[in-house]
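Colleague: I should like to request a close look at a single part of this model, namely the side-chain contacts between aromatic rings and between cysteines. Please take them in turn and set out where the partners lie along the chain.

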Amino acid sequence: MDMCVRRLLLLCVFFMISVSVCSGACAEVDSDTEAVAGREFKLGCISCKVRLEVEATATVDWHFRAHGQDEFIHIYSYDGESNIIDERFQDRIKWQGSKTYDLQDASVDILNVTFNDSGDYQCTFNRILTYQHYEYSTIVNKLVHLTVVAKATRKTASIVSEVMMYVTIIGLQLWLLVEMIYCYRKIAAAGEEALRASAAEYLAIATEGKDNCAGVQVAE
């Protein structure tokens, strides 16, 4: 029974850790690179802090280099407020990143995507880490190569990863179910054995009492 309890506790701890990691941790996931003309597209950019306990502030700048061009052009910045700089993206960029001063997610939505939006996008984090006696500045660049297509196409890697995710979830659920059934049977068997032991002990006590009574009567 103790082994079953330990197994169930380990499973609970595993799932709690999995949920907390998924919900609370920062992961630098790469942005999608294929947008569909006429639709909305999320341009992803994530830069996690190395030292989570250190206070920090950050601003973000987005630059764009169209196909055939050599230099990047500053199109957008965020310092707590959105600032669209390039007229080509006026009213077409929407901030979707962090809402705090300590920015780690600088993702933006491009609205009403056009074929002219194809090209390279560079996201730049300007972060200041505040220590007890000094401040330290860091600059992190992320590059996204965007291709605009007329119709969405789903890549094989995306399909395989989604299938593997569902297989993993179903496998974990089946494993948990098997462990619960196994432990239930062990606990039920232990309970029945305890009942049989209690009944045998009761009968033994009753028999001993009856023999004692008979001995007393004979003695009289």
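Modeller: The account below begins with the aromatic rings and then turns to the cysteines. The model is a predicted one. A search of the whole structure returns six aromatic pairs, and two of them are described here in detail.

One of these pairs joins Y76 and W95, whose rings are stacked, with 6.4 Å from centre to centre and 20° between the planes. Because planes under 30 degrees apart count as stacked, the angle of 20° places Y76 and W95 in that class. The contact links distant parts of the chain: Y76 belongs to strand β4 (residues 73–78) and W95 to strand β6 (residues 93–95), 19 residues apart. Y76 has a relative accessible area of 0% and is therefore buried. W95, with a relative accessible area of 8%, is buried as well; the cut-off for this description is under 20%.

The pair of F89 and Y121 has another geometry. Its ring centres are 6.4 Å apart and its planes stand at 80°, so the arrangement is edge-to-face. F89 is located in the loop between β5 (82–84) and β6, whereas Y121 is part of strand β8 (residues 119–130); the pair therefore ties together parts that are 32 residues apart in sequence. Both rings are buried: F89 has a relative accessible area of 2%, and Y121 has one of 0%. F89 and Y121 also take part in a cluster, in which ring pairs link them with F64.

Strand β8 leads on to the cysteines, since this strand holds C123 as well as Y121. The count of disulfides comes to one. It is formed by C45 and C123, with their sulfur atoms 2.2 Å apart, which lies inside the cut-off of 2.5 Å. The torsion about the S-S bond of C45 and C123 is about -85°, and the disulfide is therefore left-handed. This pair, too, links distant parts of the chain: C45 sits in the loop between β2 (41–43) and β3 (55–66), while C123 lies in strand β8, 78 residues apart. Both C45 and C123 are buried. A further cysteine, C183, is also buried, because its relative accessible area is 2%.

Taken together, strand β8 holds Y121, the edge-to-face partner of F89, and C123, the disulfide partner of C45.

Note on methods
Residues numbered from 1 in each chain as written. Predicted model: local features only at pLDDT ≥ 70, side-chain atom pairs only at ≥ 80, totals over all residues. Heavy atoms only, no water. Phe/Tyr/Trp six-rings, centres within 6.5 Å; stacked < 30°, edge-to-face > 60°. Helix = DSSP H or I, 4+ residues; strand = E, 2+ residues; numbered from the N terminus. Buried < 20%, exposed > 50% of the residue type's maximum accessible area, 1.4 Å probe, protein only.
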